[in-house]
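Got your viewer open? Here is a short tour, one selection at a time. Keep the sequence panel handy as we go.

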Amino acid sequence: MYLVKEFVGVSAAYLDEVMRESTDSVFYRVGEKTGTSLARTQQRECGKDLGCYLSVLKKSGLIDDFEVKTENERTLVTVKDRDVASSADMRSLVRGFLAGITHGIGKAYEISAKMEGDKCVFTLTTKK
Amino acid sequence: MRFYIDNKKMKPDELIANEIMKNLKEALEEVTGSKGAAKAIANKIGKNLGVMLAEKNKFRTMKEAISFLEKNGLMTVNNLKTGEEIEVVAKNTVESVPGSDLPLCWFIGGILSGIAEKLESETYLARELKCPEVGESACRFIIERIRI
């Protein structure tokens, strides 16, 4: 499981303490680069299936569970994870990851995040 | 404390851990504008994680701690000698990035020194001497007790 969630949690806590500016952008960038890299290495296996890439994220231990739903021009990714729902840095990391993955598979989306209790819903809307 | 670390081919989920560590190092370097500052921050993050893991899992010995890190896929240890100086021979660290120009194991070094600090109630510092990314076949660390 690689202790990824613990690693991100401890990193976020320390950076929030020592950095003057917001750390959201740092974690967004980390997620985006990670997503881009995963899209590159897993493209043959996952193709354009977002759920396939997210299952790798789940297997690494970063997120507990997720659900992907497509409605008209938008895709809803529900991440069922208390840590993602409660931490701005974790949300930025996952939002960046989704941006990196979708960009890596040739899609352009606006991505927003909304907390719903213990879940976080990421809405991916096709860029016009 | 010495570490010898070899590269390996990664599984997709392991790649996530590896990429997050690598990309956080790069982001820290961009934000601080200094490799030295980024390394110091990464070491401190690793150390905080090491202390947290030691507290949470109530490690009594370094052997127990190493076994936990192995079970969680952070590294594979071939040899461990404890004493005044603890020597560890390790392969397959999750932090290894073949082909990177960055020295590695900033976090792993921190994690191990954090665990040593918690076990011994003394201050430890990790010093990275060699790594595959600068042409060496293995990574080598010295984790030293700092006498104040």
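Start by selecting A:Asp89. Buried or exposed? This residue counts as buried, because it has 24 C-beta neighbours inside 10 Å, and the cut-off for buried is 20 or more. Keep in mind while you look around that this is a predicted model.

Now widen the selection a little. A:Asp89 sits in helix α5 of chain A, which covers residues 88–104. Which residues does A:Asp89 touch, once you ignore neighbours within four places in sequence? Show A:Ala12, A:Thr23, A:Asp24 and A:Phe27, and you have them. For a distance to try out, click on the C-alpha atoms of A:Asp89 and A:Ser55: they are 20 Å apart, with the two positions 34 residues apart along the chain.

**The whole of chain A**

Zoom out and colour chain A by secondary structure. You should find five helices and four strands. Walk from the N terminus and the order is α-α-α-β-β-α-α-β-β. The radius of gyration of chain A is 14 Å, close to the 14 Å that the globule rule gives for 128 residues, so chain A is as compact as a globular protein of that length. Turn it around: the C-alpha trace spans about 40 × 30 × 25 Å along its principal axes.

What share of chain A is buried? Of its 128 residues, 44% are. As for contacts between residues at least 6 apart in sequence, 60% of those in chain A join residues at least 24 apart.

**A turn in chain A**

Next, select A:Asn72. You'll find it in the loop between β1 (65–71) and β2 (74–80) of chain A. Look at its backbone: phi is near 45°, a positive value in a residue other than glycine. Unlike the buried A:Asp89, A:Asn72 counts as exposed, because it has 7 C-beta neighbours inside 10 Å.

**Over to chain B**

Switch the colouring to chain B. How many helices and strands does chain B have? There are four helices and four strands, and from the N terminus they run α-α-α-β-β-α-β-β. Chain B has 148 residues, and 45% of them count as buried. Among its contacts with a separation of 6 or more, residues 24 or more positions apart account for 59%.

Now pick out α1 (12–32) and α2 (35–57) of chain B. The axes of these two helices, α1(B) and α2(B), come within 8 Å and cross at roughly 130°. That makes α1(B) oblique to α2(B), and the crossing is right-handed. Show side chains to see who meets whom: B:Lys25, B:Leu28, B:Glu29 and B:Thr32 come from α1(B), while α2(B) brings B:Lys35, B:Ala37, B:Ala38, B:Ile41 and B:Ala42. Sorted by class, this contact has five nonpolar, one polar and three charged residues.

Follow the chain past α2(B) and stop at B:Lys58, in the loop between α2 and α3 (62–71) of chain B. Here is another residue to check for backbone angles: B:Lys58 has a positive phi of about 50° although it is not a glycine. B:Lys58 is exposed, with 8 other C-beta atoms within 10 Å.

**Where the chains meet**

For the last stop, show both chains together. How many residues does each chain give to the contact? Chain B supplies 21 residues and chain A supplies 24. On the chain B side, α1 and α2 are the elements that give two or more residues, and α1(B) provides the largest share, with twelve. By class, the chain B side divides into 13 nonpolar, four polar and four charged residues.

Finish by selecting α1(B) with helix α1 of chain A, residues 4–18. Their axes lie 10 Å apart, at an angle of about 20°. That angle is under 35 degrees, so α1(A) and α1(B) are roughly parallel to each other. The crossing here is left-handed.

Which residues meet in this pair? From α1(A), show A:Val4, A:Val8 and A:Ser11; from α1(B), show B:Ile16, B:Ala17, B:Ile20 and B:Leu24. The residues of this contact divide into six nonpolar, one polar and no charged.

Methods
Residues numbered from 1 in each chain as written. Chains lettered and ligands numbered in written order. Predicted model: local features only at pLDDT ≥ 70, side-chain atom pairs only at ≥ 80, totals over all residues. Contact = placed C-beta atoms within 7 Å. Nonpolar A, V, L, I, M, F, W, Y, C, P; charged D, E, K, R; others polar. Rg over C-alpha atoms; globule rule 2.2 N^0.38 Å. Buried ≥ 20, exposed ≤ 12 C-beta atoms within 10 Å, placed from the backbone. Axes fitted to C-alpha atoms, helices over the stretch in contact; angles between N-to-C directions. Parallel < 35°, antiparallel > 145°, perpendicular 65-115°, else oblique. Left-handed = near helix turned anticlockwise from the far one by under 90°.
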